[in-house]
Amino acid sequence: MTQSQSSPTPSLEKPSYEKQEFGDGKIERRHPTINPTTENINALLVNPLIGFTHDELDVQGRDFAKRHELGHLEEEFAKGAIIAQDATAFESLPMLSVEDKNTLQMEITHKWRQPKDLYFLVIACSMAAAVQGMDQTVLNGANLFFPQQFGIPQDTSDTRNQWLLGVVNAAPYICCALIGCWLTVPLNNAFGRRGTIFITALISFLTCFWQGFTNSWPHLFAARFVLGFGIGPKSSTVPVYAAECAPAAIRGALVMMWQTWTAFGIMLGYAADLAFFKVPDPHNIKGLNWRLMLGSAGIPAIFVCVQVFFCPESPRWLMSKGRYPDAFRSLRRLRGHDLLAARDLFCESDVLNKSMSSRCLADIHTLLEAESEINRSRNLLKEMITIGRNRRAAIGSFIVMFMQQLCGVNIIAYYSSTIFQESGFGQVQSLLSSFGFGCGFAFFIPGEQARVAPGEGPVPFTYSAEAFPLYIRAIGMSFATATTWFFNAVVSLTFPAILKAFTPQGAFGWYAGWNIIGFFLILLFLPETKALSLEELDQVFSVPTKKHAMYQLKALSINLRRWIFRSKVSPPEPLYNFEGLEKTYAPAAGGH
């Protein structure tokens, strides 16, 4: 498989322009016009600001500031509009002061030197991910105790008990897939990113507390099912929130932290299992140890509830509500400088206000606006399926989320204690071994020499957060997270029965087979998104699926001969016509 990829269209033509009056000065400005029959509309819009003069951009910036109650920052928006046309040409702009140029240069050379508010937001998002991970694994240790107490012991030949244990483990993920994830859009619309994170973290805390007071397996199932209302919308919202707030240069790394800190939460869950393992029962409480294990997952959620109110709201969400001054203040906290905040707000703004039926790109300030100019219906779920570019993004997200579960790695998160016991470990040894977890044929290796593998890591959530166009991203992430939680539920539900029937070696052989299938799914149907700007992503996902699959098969053959058999063959021709060109990036506030 190759990451070299290129042109869905025969050529990337320069867009034509039409004139329109603008502002009080009656300055005419040019706007690119779109041929709606073109195979890839957005591929024509490499930079929608090409064709505007600096004077025209100056007027646009000033007009934008006046229209949105930011007239006191008129000068900054004028400069920001000009900078947005070419982020690399700021050194030659005479209207910029030395301080302005130093600020822009620092953004490039010291990309990790960011305001403290941004890093506080990162910490809050990381803690939310840790809550997610801990929610998943505290049940791992509890699995050693509550089945016996609730009358569903696992050391019998009754397969019903294995299925009931699977149902209890899968309960929150069933809720996520069927209901929880699909509440993401209405919750975000009503309460914003911060409000949604607060509500879902509060639900996580209350349901973790509830689990500790259950007295039967149906009662525990009910508590865990409600936990899904905390897990689903949070897993959809936090990556998008991080992407919308982070600067472009470090956006991918911050979005990837979701999975990194989820893994950290998984480790905390195992630590809680070990910490409470030998807690004795008082005379009036049976199973205090596993009850404390389940309740402990609520502790990080309380920290998230407090942290999130000190974080700035997503600028994109504020603009969607018409709150431009608030959006500027939020961006000012996240960027640390008026000029950077003005540039990003200008770049992001009008995409949220365009007429959906207009083919003219009047009032366009960034590439982001081009997406809203395509004639589209209001049924976003339908568009995700019927529009080719969106459908291919959905297929790619489905594949990575599907394989995140079918690779088998999360089986260790939920059942490692049981699996290690089946392989001859003691209970404490099993929990200790669970600190480093994964899947594979490790169970053919006797005793403590067993090793584990990492799975897909942070790729699925990062990929899904990048793949969808901005206007459909919320529902796209809902679909992606619903997919991962649905198959998480399937895996959690079926594994106890598979383990009983196949033994550990056979069970992991089953998932090894799915990894082989996953290799070919990823090879044929998963376009690369790494380090691509929004216009390049549009181009990538506009390539027909058959064309992409045929190219990848050809590239696989060439690369096998080139790198494995050491034949002297030329590398495959690029599939996308931006290959080899300098990358341009979407406005930082938009996120991708």
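**Helix contacts, a kink and a ring pair**

Mentor: In this predicted model, Met 134, Val 138, Leu 139, Gly 141 and Ala 142 of helix α4 meet Trp 290, Met 293, Leu 294 and Ser 296 of helix α10.

Trainee: How do the residues of the contact of α4 with α10 divide into nonpolar, polar and charged?

Mentor: Gly counts as polar, while residues such as Met, Leu and Trp count as nonpolar. On that basis Gly 141 of α4 and Ser 296 of α10, both in the contact, fall in the polar class. The division is 7 nonpolar, 2 polar and no charged.

Trainee: Are α4 and α10 roughly parallel or antiparallel?

Mentor: The axes of α4 (residues 116-142) and α10 (residues 288-296) come within 8 Å and cross at roughly 175°. Angles over 145 degrees count as roughly antiparallel. The crossing therefore makes α4 and α10 roughly antiparallel.

Trainee: Which residues of α20 make the contact with α17?

Mentor: The axes of α17 (residues 388-406) and α20 (residues 459-467) come within 9 Å and cross at roughly 170°, so these helices are roughly antiparallel. From α17 the contact takes Arg 389, Ala 393, Gly 396, Ser 397, Val 400, Met 401 and Gln 404. By class it has 7 nonpolar, 4 polar and 1 charged residues. The residues on the α20 side are Pro 460, Phe 461, Tyr 463, Ser 464 and Ala 467.

Trainee: Where is the kink in α7 centred?

Mentor: Helix α7 (residues 184-211) has 28 residues, and a straight helix would reach 40 Å at 1.5 Å a residue. The end C-alpha atoms of α7 are only 24 Å apart. There is a kink of about 110° in α7, and its centre is Phe 191.

Trainee: How many residues apart in sequence are the parts that the pair of Tyr 173 and Trp 485 ties together?

Mentor: This pair is one of 28 aromatic pairs in the structure. The ring centres of Tyr 173 and Trp 485 are 5.3 Å apart and the planes lie at 15°, so the pair is stacked. Tyr 173 lies in helix α6 (residues 159-178) and Trp 485 in helix α21 (residues 473-525), so the separation of the parts tied together is 312 residues.

Methods: Residues are numbered from 1 along each chain as its sequence is written. This is a predicted model: local features need pLDDT of at least 70, side-chain atom pairs count only at pLDDT 80 or more; totals for chains, interfaces and linings use all residues. Side-chain values use heavy atoms; hydrogens and water are left out. Axes are lines fitted to C-alpha atoms, for helices over the stretch in contact, and angles run from 0 to 180 degrees between N-to-C directions. Helices (H or I, at least four residues) and strands (E, at least two) are DSSP runs, numbered from the N terminus. Angles under 35 degrees count as roughly parallel, over 145 as roughly antiparallel, 65 to 115 as roughly perpendicular and the rest as oblique. Contact means heavy atoms within 4.5 Å. The expected span of a helix is 1.5 Å times one less than its number of residues. The bend at a residue is the angle between axes fitted to the seven residues ending there and the seven starting there. Rings of Phe, Tyr and Trp (its six-membered ring) pair if their centres lie within 6.5 Å; planes under 30 degrees apart count as stacked, over 60 as edge-to-face and the rest as tilted.
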